[in-house]
Amino acid sequence: MEVSRREFLERSGKYILLFGAATKAWDFILAGTPETAPGYDVTRHWWAFYIDIEKCIGCGNCVRACKAENGVLREPFYFRTWVERYHIPPPDLANLRADRLPVVDSPNGGYDGFPERFRDSDGSKSFFVPKMCNHCTDSPCTQVCPVGATFDSPDGVVLVDQTYCLGCRYCVQACPYGCRYIDPRTRTVDKCTLCYHRITKGLTTACCESCPTGARLLGDLKDPKDPLHELLRTQKVQVLKPYLATGAKLSYKGLDGAVR
Amino acid sequence: MESILHSVEGFMYPNEVELQWSILIVLYPFLTGIVAGAFILASLERVFNVEEVKPTYRLALLTALSFMIVAPLPLQLHLGHPERSFEMYLTPHTTSAMAMFGFVYLWYLLAVLVIEIWLEYRKEIVTMALHATGWRRPVYRAMALGSYNVSPRALEIDEKLGRFVTIVGIPSAFLLHGYVGFLFGSIKANPWWSTPLMPIVFLFSAIVSGIAAVLLLYIVYCFLKGIKRSVPCLDTMARYLFYAFLIDFSLEMLDLIHRNYEADESLKTLNFMVHTRLYGSQVLLQIVIGTLVPIGLLAMVQLISMSPRAREGIYVIASSLTLCGIFAMRWNVVIGGQLFSKSFLGYTTYKMGFATKEGLLPALLLMALPFLILWVLVTLLPPMNRDEAVH
Amino acid sequence: MRELFRDAEHLFRLALVFGALLVVFLVARAVLTPEGFGTYGHYRAGALVDARARPLSFAGRAACLDCHEEIDAVKKSGKHAGLGCEACHGPLEAHVADPATVIPQKPDPKTLCLVCHMENLAKPKGFPQIDPKNHAGDDNCIKCHEAHSPLPVQE
């Protein structure tokens with residue numbers, strides 16, 4: 001009686017182990033490498049972005065183009081990119097305060113532009129700041145995803161796996177720039193994909209395509225001939241919230257210190 | 001939903017206007033806090049040999065189990081895709097505190113709570129399995145796992161193993177609730193959450209809420225069953241509640257003082273939030289009613305001599321206010337952390353629905369559920385007999 | 001030894017239950033983990049394929065040149081040289097895919113031009129901005145400005 005029970009346990013143990021190993025091997029065979037699609041090698045690109053604040057005119061073309069290209073909901077709560085208008089008052093001499101808190105607005109994310117003139121000049125400084133996902137190298141959002149549904153692709157784009165995301169919203173909390181949102185249609189997280197479906201075909205992003213002044217520029221840092229290299233070398237650039245060390249790859253030229 | 005836009009004050013990043021984590025996420029740390037706290041109280045007797053609290057030992061374990069069973073439910077309800085939640089077991093991302101949840105939860109539920117309760121009750125389970133009738137018989141027989149040995153030696157083995165499990169259970173309880181604190185405390189993007197003190201504050205407020213919950217449940221249970229409450233037991237629990245409260249309050253004050261002293265760029269916006277949108281829940285409910293008043297009442301009991309009945313009345317009031325205060329603390333952390341903009345230039349409001357997926361109604365139902373489960377558990381596994389309570 | 005087994009039998013049974021649960025968990029894990037997970041990092045490799053699968057809405061500047069070279073000739077030496085065609089004409093991939101059937105509408109200058117050129121305090125100082133009430137009355141912009149090369153002004 002005892003011998004056959006031991007034998008049974010041994011055999012079933014072996015089968016379980018073999019079964020597990022076999023499934024792993026089968027997975028490996030099936031997977032192949034479909035990600036390196038014809039004509040595009042993920043290891044030969046590293047995408048970054050550049051925005052020239054002094055060229056932005058707040059027309060909102062980028063916001064509209066992004067929503068059109070990526071099928072984003074039109075309601076004012078879901079933006080993959082948006083434009084903010086900053087209005088920085090002159091120093092407060094009456095109360096002797098130097099912390100010049102900016103007045104910021106972004107009506108519908110800048111989707112309809114900024115129709116009203118805001119106000120007559122009163123010694124203040126005004127400008128537009130386009131915002132989007134910074135596609136950070138050390139992104140806090142991918143760090144906190146519990147299952148690996150959002151990730152940093154080999155070519156430097158932070159993407160979301162819509163079929164794997166649980167909708168727990170931890171990444172939305174972790175992003176310091178506010179560029180993530182929950183798409184109520186899929187109940188998963190959504191964000192700027194750097195128009196991954198376009199850049200892998202040799203096109204530029206929808207926002208760059210539609211920007212009339214060339215304020216936005218997509219760059220491939222692994223391409224030695226990319227104009228971004230020269231710009232980063234010669235211009236005074238900053239990233240948002242550098243003290244958080246997110247490794248943001250979106251460089252702003254002419255970013256004022258008051259920008260949040 | 002457009003109405004939320006009208007209640008935005010100042011500037012918020014467009015994607016921030018709508019809150020991400022609702023009252024269900026407030027409920028989750030409240031529930032696991034009581035689990036951890038109740039278990040710590042139980043371990044006082046088992047490991048640290050505080051004999052006075054022995055009457056509450058079994059009740060504390062069953063309370064922990066009831067709340068533990070309900071704990072994942074608010075999370076499941078909150079997820080966009082609850083059917084995918086098992087993915088945390090398949091591909092846990094080891095850099096994410098949230099990924100720990102599945103394993104810590106299973107470990108604590110099975111390896112600590114279930115085993116400890118099973119070992120503690122095994123004698124009664126076997127007795128009932130052999131003598132019970134009706135629907136209870138198969139339940140007890142299943143619980144007995146087909147083994148009916150309750151000889152002194154077997155029970156001695158159970159006792160030793162139970163003690164070992166409790167010892168392992170203490171750091172496990174710390175982990176169960178501490179990781180929630182870390183989950184918030186490690187978010188550098190949010191200055192209201194980001195502090196190394198967060199896991200410790202969560203843990204001590206958990207201990208406070210656990211002791212208060214078991215104190216109340218002990219009084220209620222004995223009252224319903226006509227069992228005399230043990231005065232030394234109540235006094236000891238109240239004393240430990242008082243000590244835990246002092247530590248918890250000190251930690252929270254330390255955080256506040258530190259913030260105000262360092263006065264970094266987030267201070268203005270956070271202070272404004274506390275004085276306006278969070279005033280009721282933070283200053284009034286959490287600090288005054290939920291912390292200062294209970295501490296005052298408990299201190300009064302330590303300093304002035306009162307009759308046991310008066311003391312019991314004070315304990316009931318103090319424990320109830322404590323539980324409200326701890327809930328408010330969870331609310332202030334979770335909701336408060338989302339009311340201000342990460343640009344530090346604006347505020348939004350939390351619009352809680354009623355009969356929606358993440359509204360007040362499911363939250364209330366989920367709050368009531370552990371008591372329902374506890375009622376079933378104390379029916380199957382009575383925590384004390386009439387003669388036991390008289391010490 | 002036999003006594004130990006007899007007195008601790010319930011623990012062995014418990015261990016067996018837990019062992020069985022563990023086996024079930026491991027098998028489920030092996031079966032349910034999506035294929036390609038972990039190839040490039042802690043994510044499903046197929047997600048890269050999914051991200052590339054979106055249809056295009058904007059065709060890109062190069063596509064317009066194939067048929068509309070004469071417009072580009074006017075544009076490329078004027079002030080609007082840096083603008084892509086779709087910056088004003090909107091997404092046109094549908095037109096590129098089927099030029100005969102999908103005919104895009106010409107945008108209305110009075111609304112379109114002001115999107116960029118309406119005076120606004122926050123716009124860069126050197127950028128051409130006008131207040132439509134004080135600039136050439138209620139006329140249509142293209143009465144004086146050629147859309148693809150707006151300066152010099154035509155009378």
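**The interface of chains C and A, the fold of chain B, and A:Cys145**

In this predicted model, 43 residues of chain C are in contact with 59 residues of chain A. Three residues of chain C stand out. C:Arg52, C:Phe58 and C:Leu121 supply 18% of the area that chain C buries against chain A. No other three residues supply more. Between them, chain C and chain A bury about 4,100 Å². Carbon and sulfur atoms account for 61% of that area.

Polar and charged pairs also cross this interface. Two salt bridges are found between chain C and chain A. In a salt bridge between C:Arg61 and A:Glu209, the side chains meet at 3.4 Å, N to O. Residue pairs in polar contact between chain C and chain A number 10, counting pairs with both residues at pLDDT 80 or more. On the side of chain C that touches chain A, the elements that give two or more residues are helices H2 (9-32), H3 (46-52), H6 (85-89) and H8 (109-117) of chain C. H3(C) gives the most, with seven residues. By residue class, this side of chain C divides into 26 nonpolar, eight polar and nine charged residues.

Chain B was examined as a fold in its own right. Its secondary structure comes to 15 helices and two strands. Along the principal axes, the C-alpha atoms of chain B fill a box of roughly 70 × 55 × 35 Å. The radius of gyration of chain B is 22 Å. A compact globule of 391 residues would have a value near 21 Å, so the two agree. Of the 391 residues in chain B, 59% are buried. Contacts in chain B often link distant parts of the sequence: among those between residues at least 6 apart, 79% join residues at least 24 apart.

One cysteine of chain A was followed in detail. A:Cys145 lies in a loop of chain A, between helix H3 (140-144) and strand E5 (150-152). The relative accessibility of A:Cys145 is 7%, so this residue counts as buried, the cut-off being under 20%. Neighbours within four places in sequence were left aside when its contacts were listed. A:Cys145 is then in contact with A:Thr150 in its own chain, and with B:His93 and B:Ser96 in chain B. A further distance concerns A:Leu166. A:Cys145 and A:Leu166 are 21 residues apart in sequence. In space, they are 9.5 Å apart, C-alpha to C-alpha.

Notes: Residues are numbered from 1 along each chain as its sequence is written. Chains are lettered from A and ligands numbered from 1 in the order in which they are written. Side-chain values use heavy atoms; hydrogens and water are left out. Contact means heavy atoms within 4.5 Å. Buried area is the accessible area (1.4 Å probe) that two parts lose on being put together, summed over both. A salt bridge is a side-chain nitrogen of Lys or Arg within 4 Å of a carboxyl oxygen of Asp or Glu. A polar contact is a pair of N or O atoms within 3.5 Å; within protein, one must be able to donate a hydrogen and the other to accept it, and residues adjacent in sequence count only if both atoms are side-chain atoms. Helices (H or I, at least four residues) and strands (E, at least two) are DSSP runs, numbered from the N terminus. Ala, Val, Leu, Ile, Met, Phe, Trp, Tyr, Cys and Pro count as nonpolar, Asp, Glu, Lys and Arg as charged, and the others, Gly among them, as polar. The radius of gyration is taken over C-alpha atoms; the globule rule is 2.2 Å times the number of residues to the power 0.38. Buried means under 20% relative accessible area, exposed over 50%, partly exposed in between (1.4 Å probe, protein chains only).
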